[in-house]
Amino acid sequence: MWMTDDCKKSFMEMKWKKVHRYVVYKLEEKSRKVTVDKVGAAGESYDDLAASLPEDDCRYAVFDFDYVTVDNCRMSKIFFITWSPEASRIREKMMYATSKSGLRRVLDGVHYELQATDPTEMGFDKIQDRAK
């Protein structure tokens with residue numbers, strides 16, 4: 001698997017500069033390259049990320065979750081999400097499953113991983129529960 005320079009750049013901009021709230025990655029079947037499909041502006045929400053994922057196509061996504069602890073400290077955790085909906089093709093699901101570890105290695109600083117086949121498996125409540 002190979003990824004475009006944009007993939008890591010977008011991730012670093014999200015992680016360090018907080019320019020993006022999330023980044024969605026797409027695996028191009030012909031070239032077998034991972035490319036940036038969409039970036040969410042800093043003001044966007046988790047719902048915006050969930051709404052941007054296709055119903056019948058796989059994607060990877062990273063989401064920067066900001067929260068305040070009980071001690072009133074601002075914290076941030078980065079989630080890596082593998083989106084593999086039931087309606088996507090078997091071949092595509094296999095490609096995403098086998099390429100995941102390569103992408104994960106490059107995206108240094110991810111705290112949690114989520115795998116979802118439908119929106120309920122990646123509900124905002126799941127993110128909040130994991131981050132605590």
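Q: Which residues of H1 are buried?
A: An α-helix has 3.6 residues a turn, so residues three or four places apart point the same way. In this predicted model, the buried residues of H1 are Cys7, Ser10, Phe11, Glu13, Met14 and Lys15.

Q: Which strands do the buried residues of H1 pack against?
A: They pack against S1 (2–3), S2 (20–28), S3 (33–41), S4 and S5 (74–83). H1 lies across these strands, and H1 runs at about 165° to S2.

Q: How many residues does H1 have, and what distance does H1 reach from its first C-alpha to its last?
A: Helix H1 covers residues 5–17, which is 13 residues, and reaches 17 Å. The expected value at 1.5 Å a residue is 18 Å, and the span of H1 is close to that.

Q: What follows H1, and what is its phi?
A: Most residues other than glycine have a negative phi, and most peptide bonds are trans. H1 is followed by Lys18, which has a positive phi near 60°. Lys18 belongs to the loop between H1 and S2. Lys18 counts as partly exposed because its relative accessibility is 37%.

Q: Where does Asn72 lie, and what is its phi?
A: Asn72 is in the loop between S4 and S5. Asn72 is not a glycine, yet its phi is positive, about 70°. With 65% relative accessibility, Asn72 is classed as exposed.

Q: Which residue takes a positive phi in the hairpin of S2 and S3?
A: That residue is Arg32, with phi near 60°. The hairpin has 4 residues between its strands.

Q: What is the order of the strands in the open sheet?
A: Strands of a sheet pair through backbone hydrogen bonds, either parallel or antiparallel. Here the open sheet has 6 strands in the order S1-S3-S2-S4-S5-S6, and the pairing is mixed. S1 and S6 (112–116) are the edge strands, each pairing on one side only.

Q: In which sense do S1 and S3 pair, and over how many bridges?
A: S1 and S3 are parallel, with 2 bridges. As a point of reference for viewing the pair, Trp2 is opposite Lys33 in S3.

Q: How many bridges join S2 to S3, and in which sense do they run?
A: S2 and S3 run antiparallel and are joined by 8 bridges. In this pair, Val23 is found opposite Val39 in S3.

Q: In which sense do S5 and S6 pair?
A: S5 and S6 pair in the parallel sense, over 5 bridges. Thr82 is opposite Gln115 in S6, and Trp83 is opposite Ala116 in S6.

Q: Along S6, which side chains are buried and which are not?
A: The side chains of S6 alternate between two faces. Tyr112, Leu114 and Ala116 point to one face and are buried. Glu113 and Gln115 point to the other face and are not buried.

Q: How many aromatic pairs does the structure hold?
A: There are 8 aromatic pairs. One of them joins Tyr60 and Tyr96, with 4.8 Å centre to centre and 45° between the planes, so the pair counts as tilted: stacked needs planes under 30 degrees apart, and edge-to-face needs over 60. The pair links distant parts of the chain, with Tyr60 in S4 (residues 59–68) and Tyr96 in H3 (residues 90–106), 36 residues apart. Both Tyr60 and Tyr96 are buried.

Q: Which residues form one aromatic cluster?
A: The cluster consists of Tyr46, Phe63, Phe65, Tyr67, Phe79, Tyr112 and Phe124. Of these, Tyr112 is one of the buried residues of S6.

Q: Which ring does the charged end of Arg104 sit over?
A: It is the ring of Phe80, and the distance to the ring centre is 5.7 Å.

Q: Is Pro85 buried or exposed?
A: Pro85 counts as buried because its relative accessibility is 2%, and buried means under 20%. Pro85 is in the loop between S5 and H3.

Q: Which residues is Pro85 in contact with, leaving aside its neighbours within four places in sequence?
A: Pro85 is in contact with Pro54, Glu55, Asp56, Asp57, Cys58, Lys93, Ala116 and Thr117. Among them, Ala116 also appears in S6, opposite Trp83. By contrast, Pro85 and Lys9 are 27 Å apart in space, C-alpha to C-alpha, and 76 residues apart in sequence.

Definitions and conventions. Residues numbered from 1 in each chain as written. Predicted model: local features only at pLDDT ≥ 70, side-chain atom pairs only at ≥ 80, totals over all residues. Heavy atoms only, no water. Phe/Tyr/Trp six-rings, centres within 6.5 Å; stacked < 30°, edge-to-face > 60°. Buried < 20%, exposed > 50% of the residue type's maximum accessible area, 1.4 Å probe, protein only. Lys NZ or Arg CZ within 6 Å of the ring centre and 35° of its normal. Expected span 1.5 Å × (residues − 1). Contact = heavy atoms within 4.5 Å. Pairing = 2+ DSSP bridges. Axes fitted to C-alpha atoms, helices over the stretch in contact; angles between N-to-C directions.
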